[in-house]
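Hi,

Here's the structure I said I'd pass along. Have a look at it first, and my notes follow underneath.

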Amino acid sequence: MPATSSSVGSGAAGAAQFAGSKSRKYNYFEPRGKRATHYEDVTVDVQPDPERYLIQNWIIEFEGGKGGGAYQKGSTAALSSNWHAFRAPDQEWERTHYQRQSKIETMVQAVIANARKAGAHKVFDKAWQTVLQKHLGAWKHAEFGLGTSLMQAQRYGYTQMINNATLTNSSYKMRLTQDITLYLAEIGMDIDGWNDELGKTTWLEDPMWQPCREAIETIMGSEDYLEQYFAINIVFEPLVGELIRSGFFMQAAAANNDFITPPVISAAEADYERNLANTVDLIYLLAHEEEHGAHNRALFKSWLAKHGDLAEKAAAALQPIWSQPHSKPVSFEDVKAVSKERLDRIVGELGLE
């Protein structure tokens, strides 16, 4: 909705009038449904756009910016006739996000505390103890890298709705990184010979983890915020993230006398379902809009090829982990087939086959 210049001649923020500006209802934007949700009331246009309401440029500028205000459409190669059309399906905003994170943290800490009190971690299979130190310890660095990338990406999102979805995604990753760090440190205090540094060493030096590092560092190095968001949730997570979390740790743990690790990392799978729904909604909207859909589909397919190749190599390199526990309840081939099917469903839903 274009702004109409008011009698205020300074060009200051708010020096424009728009339909409904004097109304007591939130009717300055078009809600997704018949009525605006609470999420829309506190999210839509919180980040003002000069093309909609203000008669001057963006009211803030990032240090080292390229000029023209803090948010620029050129921050991504994707195009849209209306960036403000996106609404996150999970409708998460500040209050609901903190509430959900708090509940998860309460659950995780209760699980760890009760397990330590019962001595449950002292009966872990010895080989499994090494697996946790090396590979769960390495995986927390992968989660941290993804969270850092998303934190960077949200700075450049053109609307508050996109930024909210990206930032909550980052927050989930950082929470999981913290949970794994605290979990391994706490059970390690009761296990002789435990090495808290083994995970970091494995992440930096073990050959099987280097393709995973390459895939994540390539995502982090992208200067296109939407490419980062796409690469993480559409490509890396189904091919590598779910593969290692639910395909290995959550399935192999119990068979090796470990009933603590699955609940500690289980919330991450629910996190991903929310993040995936948000990403699919945004990418579908861009891929199928009338004006720029063809351009965006070609762009997304290039991202899919680029990051898909790196993620495939990362997954293949991690295969030896499945053979390291004494008890092997699931094979890598079976888990890999599930992840491939998962990616195919996501890509099919987006129309990017």
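At what angle do helix 2 and helix 8 pack, and how far apart are their axes? Bear in mind that this is a predicted model. Helix 2 covers residues 94-118 and helix 8 covers residues 261-287; the angle comes out at about 160°, with 9 Å between the axes. Angles over 145 degrees count as roughly antiparallel, so helix 2 is roughly antiparallel to helix 8. The crossing of the two is right-handed.

If you want to pull up the contact itself, the helix 2 side consists of Arg-100, Ile-104, Met-107, Val-108, Val-111 and Ile-112. Facing them from helix 8 are Pro-263, Val-264, Ala-267, Ala-270, Asp-271 and Arg-274. By type, that contact has nine nonpolar residues, three charged ones and no polar ones.

Two single residues are also worth a click.

Asn-296 sits in helix 9 (residues 293-317). Is Asn-296 buried or exposed? Its relative accessibility is 0%, so Asn-296 counts as buried. A polar atom of the Asn-296 side chain lies 2.8 Å from the backbone oxygen of Leu-286. Setting aside neighbours within four places in sequence, Asn-296 touches Ala-78, Leu-79, Leu-286 and Ala-287.

Met-189 is in the loop between helix 4 (160-188) and helix 5 (198-205). Met-189 has a relative accessible area of 58%, so it is exposed. Its C-alpha atom is 9.8 Å from that of Arg-116, although the two residues are 73 apart along the chain.

Cheers

Terms used: Residues are numbered from 1 along each chain as its sequence is written. This is a predicted model: local features need pLDDT of at least 70, side-chain atom pairs count only at pLDDT 80 or more; totals for chains, interfaces and linings use all residues. Side-chain values use heavy atoms; hydrogens and water are left out. Axes are lines fitted to C-alpha atoms, for helices over the stretch in contact, and angles run from 0 to 180 degrees between N-to-C directions. Helices (H or I, at least four residues) and strands (E, at least two) are DSSP runs, numbered from the N terminus. Angles under 35 degrees count as roughly parallel, over 145 as roughly antiparallel, 65 to 115 as roughly perpendicular and the rest as oblique. A crossing is left-handed if the near helix is turned anticlockwise from the far one by less than a right angle, and right-handed if clockwise. Contact means heavy atoms within 4.5 Å. Ala, Val, Leu, Ile, Met, Phe, Trp, Tyr, Cys and Pro count as nonpolar, Asp, Glu, Lys and Arg as charged, and the others, Gly among them, as polar. Buried means under 20% relative accessible area, exposed over 50%, partly exposed in between (1.4 Å probe, protein chains only). A polar contact is a pair of N or O atoms within 3.5 Å; within protein, one must be able to donate a hydrogen and the other to accept it, and residues adjacent in sequence count only if both atoms are side-chain atoms.
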